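Colleague: I should like to request a close look at a single part of this protein, followed by one connected account of its surroundings. Please write it so that a first-year student can follow it beside the structure.

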Amino acid sequence: MKNAFILLLLALSMLLTACTSDAADKKEEGRKELNLLFNFAARSLDPNVDSSYVPLRAGITETLVHLNDDTLTLEPWLAESWDSEDGQEWTIRLRDDVTFQNGSPMDAAAVKASLERAMEDNIAISNALRIESIAADGYQLTIKTIMPFPEFPSELVHPNTSIIDVTEPDYINKPIGTGPFAVSSFTPGTAVDLIRYDQYWDGAAKLEAARFSFNEDANARSLALESGDADIVFRPEVQGLENLEAIEGVEVESTSTFRVHQMTMNLERESMKDIHVRKAVDVLINRESIAETILKGHAEVANGPFPSTFTFAPDYPAKQTGSEEARTLLAKAGYEEKDGVMQKEGEPLVLTLLTYSARADLPLIAQVFQSDAKQLGITVDIQQIEVPEEYMAANRDWDLTTYSNLTAPRGDAGYYLNATYHPQGALNFSGADDDALTAMIDELNATVGEKSRSAIAEKIALYVDEQVYNSFILHPNTLVAYNADKVENWVTSRSEYYMLTNTLDVK
């Protein structure tokens, strides 16, 4: 009898557990959440250092200044306003109703600590901001730059200037920001799970939870949307877009952006020091064919770093292109083709070309270039890498890299030109150190007014083109596919900065 009673209790316990589990499952199924699948695998959530910008994109962190993607103008975000009389000493007034996701107030002292931490841990941010001193008083910051810097507020749009509570030390796995979503858990290289922060200053998010997951395989991303494992897919496979568009309820958006696919040249390599070799590389790139065959027309052929819609994109002189022009240029560099091998003083021309799969079109561009170069007897060794910024910065054993970069994410030329061609630039992987070019960039940095700045930026862009410090291939559209039967209020931003917002919703 006793045993029967025990068995009855066990049965009831199992039944109650099952009911509780079912209820929990139903609650999980019923809550408003979605999964966004991104093309870069983040291994850190440190917003002040990591180049994937996932914390900002996933709505964990925010910056002081926001970029309006439509008007390309700066807007208040965590900063309520900013002004300066001389372009060197800035007064920034902060919102007084913002709290971090741990409930602590975001006051001037907290912002000061966050910016100082970003500059200490990220030399590129330190060089970009050029801050000499920061003073905090209540909800007001007084910032002095090391020189007059009229475009200083635009640098505060950069995701690496995201404001976090630095008293919470687990920056890599759980940064504490001010955004609409807080980190629930993070699996490096796989996904970050997010929960709604109910006290978000701009109104609690419509979603209760979200997952920002990663897969660098474009085909796998497309299949995830088809199977329902993902609700929004960033950069689906271009070759399979027709299949996605044929699925009922799937929306595919192709949006022009501020990005350029370029051939980055290592100016420290002996062969690439010769401008004629750089010009030969440039004329070998069949931009029209690449745009049509690899990007299926979802791109604009690039003449320079900036899309033609920008006022600071100059009119470039017409150029000869093709293999015969490349052969002529290589001859000027002392090369000739013997027995099917392009060589100089008996040494064959061999180029190491880096590429990475997170942007599926870049390896394809590398293969096309390899094939075209082979017709001239040039050997191109393609090397796959994972994180291009880390590899290019730490290694100089390469000649070329197919690289993709945002050139005007703040609607201004200064960001790209400083980062890519200034000796202290964060993205100066070419190793450009040209006094004339640096002087022009410094002049740009001290200039106020769109018209004047555009004129200087045009001059710099033409100079870079003349010196062929990099080759510009195309401006790819941002491609996003999502389940429109479920997802509401998705916006494909041209800057690619803002993705999971408090207005994003599901039906």
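**Helix 14 and the enclosed spaces**

Modeller: At the beginning of helix 14, the backbone nitrogen of A436 has a side-chain oxygen of D434 within 2.9 Å. The model in which this contact is found is a predicted one. Helix 14 itself covers residues 435–445, and its buried residues are L437, T438, M440, I441, L444 and N445. Viewed down the axis of helix 14, these buried residues lie within an arc of 160°, and therefore they line one face of the helix. Among the elements that cover them are helix 13, residues 414–421, and helix 15, residues 450–467.

Helix 10 can be described in the same manner. Helix 10 runs over residues 323–332, and its buried residues are A326, L329 and L330. Because they cover an arc of only 100° around the axis, they are on the same side of helix 10. These buried residues pack against helix 8 and also against strand 16, which comprises residues 341–344. After helix 10 comes G334, a residue with a positive phi, near 95°.

One of the buried residues of helix 10, L330, leads to the enclosed spaces of the model, for L330 also belongs to the lining of the largest cavity. The count of cavities of 30 Å³ or more comes to 2. The largest cavity holds about 40 Å³ of space. Besides L330, its lining consists of V277, A280, V281, L284, L349, L351, F369, A373 and I378. Helix 8, residues 275–284, and helix 11, residues 361–374, each contribute at least two residues to this lining. The largest share, 4 residues, is that of helix 8. When the lining is sorted by class, there are 10 nonpolar residues, no polar residues and no charged residues.

The second largest cavity holds about 30 Å³ of space. Its lining is made up of M263, L284, I285, N286, I290, I365, V368, F369 and D372. L284 and F369 appear in this lining, and L284 and F369 also appear in the lining of the largest cavity. Here it is helix 11 that gives the largest share of the lining, with 4 residues. By class, the lining of the second largest cavity divides into 7 nonpolar residues, 1 polar residue and 1 charged residue.

The account may now turn from cavities to a pocket. The second largest pocket has a volume of about 510 Å³. Its lining is formed by 26 residues, and of these H66, W77, Y498, T501 and T503 lie nearest its centre. Strand 2, residues 65–68, provides the largest share of this lining, namely 3 residues. By class, the lining of this pocket has 12 nonpolar, 10 polar and 4 charged residues.

A final residue to locate is A299, which is placed in strand 14, residues 299–301. Leaving aside residues up to four places away in sequence, A299 touches A291, L474, H475, P476 and N477. A299 and L64 are separated by 235 residues in sequence, and their C-alpha atoms are 32 Å apart in space.

To return to the part first considered, the buried residues of helix 14 line one face of the helix, and helix 13 and helix 15 are among the elements covering them.

Notes: Residues are numbered from 1 along each chain as its sequence is written. This is a predicted model: local features need pLDDT of at least 70, side-chain atom pairs count only at pLDDT 80 or more; totals for chains, interfaces and linings use all residues. Side-chain values use heavy atoms; hydrogens and water are left out. On a 1 Å grid over the protein atoms alone, a cavity is a set of points where a 1.4 Å probe fits but cannot get out, and a pocket is an open set with protein on both sides within 12 Å along at least five of seven lines; lining residues have an atom within 4 Å of a point. Grid points are joined across faces, edges and corners, and a volume is the space filled by probe spheres set on the points. Ala, Val, Leu, Ile, Met, Phe, Trp, Tyr, Cys and Pro count as nonpolar, Asp, Glu, Lys and Arg as charged, and the others, Gly among them, as polar. Buried means under 20% relative accessible area, exposed over 50%, partly exposed in between (1.4 Å probe, protein chains only). The arc is that of the directions from the helix axis to the C-beta atoms. Contact means heavy atoms within 4.5 Å. A polar contact is a pair of N or O atoms within 3.5 Å; within protein, one must be able to donate a hydrogen and the other to accept it, and residues adjacent in sequence count only if both atoms are side-chain atoms.
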